[in-house]
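Work through the exercises below with the sequence and the model open. Each task is followed by a solution in steps.

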Amino acid sequence: MKARVRHLITLAFVLMFVLIVALIASIGNSSRSMLTCGGIDVKFADSLEFVNEEDVRMCVERLYGSYIGQRLDSMGLARIEGILEEQSAIKTCEAWTTDDGLLHLLISRRQPLARFTKDGQSVYADDRGDLFPLQNGFIAHVPEITGVIPTDKEWVQQVTAMLDYMQSHYWDKRISSIRATDGGEIILTSAEGGEKILFGTPTDVEQKFWRLAKYYSHILPYKGDGYYRKINVKYNKQIICSRTDI
């Protein structure tokens, strides 16, 4: 009988504890439901400058609406994240609120690897081959490809891979300009003698630069700067030199 009483007493204490926890949680939720947003805190996960805090604020106000005074528990955080991630220069966004009444946004911006320019218009390309416009007059110090504004994402990825190879093998120091044709072929200009280098499509990059290296080491020393005006390395196992320009 005593064991039964002890069991009932224990059960009563457990139920009381559960009720107290539920009451505290209810009070907490009720208290939070009364909290409203009083401001926004924008942080960036990178050091890029294409989008600043004011740009983010204006974007939220324009596309989401007024957030000041909105209850924290009714804010559309997923919608805010979606709105900002649809902006071309923003890669990811994480949104959350805190009990001090702040809407927090952690923004990751796109990393430009190249700039494509045609007829005075320019766009950047990131590591995924996605294009996005210049932002607020900020200019990233990245290689510029003139002649086309591309639409083929795979081709853009090939170009950025070519640029990465050039930078890692110091070819970017020997090339003064890069131009792309409507057919997707690349034309380089030598920084030393001004020769036009017909590179072809941005594929088989290593082999093409190997052939170009052979031109610099085996042909140029004997002919001298300016003798050949056009160097074609786009065909397998061939270096075609011409004294006529493009």
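**Exercise 1. Surface and overall make-up**

The protein chain exposes about 14400 Å², and carbon and sulfur atoms supply 54% of it. These accessible areas come from the Shrake-Rupley method with a 1.4 Å probe, with only the protein chains shown counting as cover for residues. The model is predicted: local features need pLDDT of at least 70 and side-chain atom pairs pLDDT 80 or more, while totals for chains, interfaces and linings use all residues. Residues are numbered from 1 along each chain as its sequence is written, and side-chain values use heavy atoms, leaving out hydrogens and water.

Task: State how many helices and strands the protein chain has, and what share of its residues is buried.

Solution.
1. The chain has five helices and 12 strands, taken as DSSP runs numbered from the N terminus (helices H or I, at least four residues; strands E, at least two).
2. Of its 246 residues, 36% count as buried, meaning under 20% relative accessible area (1.4 Å probe, protein chains only).

**Exercise 2. A three-strand sheet**

Task: Give the strand order of the open sheet of three strands, find its edges, and place the helices that lie across it.

Solution.
1. The order is β1-β3-β2, with mixed pairing; two strands pair if DSSP finds at least two bridges between them.
2. β1 (39–44) and β2 (90–98) each have a single partner strand, so one side of each lacks a neighbour in the sheet.
3. From one strand to the next, the twist averages 20 degrees.
4. β2 and β3 (residues 102–109) run antiparallel and are joined by eight bridges. Trp96 stands opposite His104 in β3.
5. Helix α2 (residues 53–63) lies across β1 and β3, at about 130 degrees to β1. Helix α3 (residues 77–85) lies across β2 and β3, at about 155 degrees to β2. Axes are lines fitted to C-alpha atoms, for helices over the stretch in contact (heavy atoms within 4.5 Å), and angles run from 0 to 180 degrees between N-to-C directions.

**Exercise 3. The nonpolar cores**

Task: Which residues touch the most other members of the largest nonpolar core, and which element gives the most to it?

Solution.
1. A nonpolar core is a set of buried Ala, Val, Leu, Ile, Met, Phe, Trp, Tyr and Cys residues joined through side-chain atoms within 4.5 Å.
2. The largest has 30 residues, of which Phe116, Ile186 and Phe209 touch the most other members.
3. α4 gives the most, with seven residues.
4. Beyond its neighbours within four places in sequence, Ile186 contacts residues including Trp155, Val159, Ile197 and Pro202.
5. Apart from this core lies another, of 27 residues, among them Val42, Val60, Met75 and Ala140.

Methods. Buried < 20%, exposed > 50% of the residue type's maximum accessible area, 1.4 Å probe, protein only.
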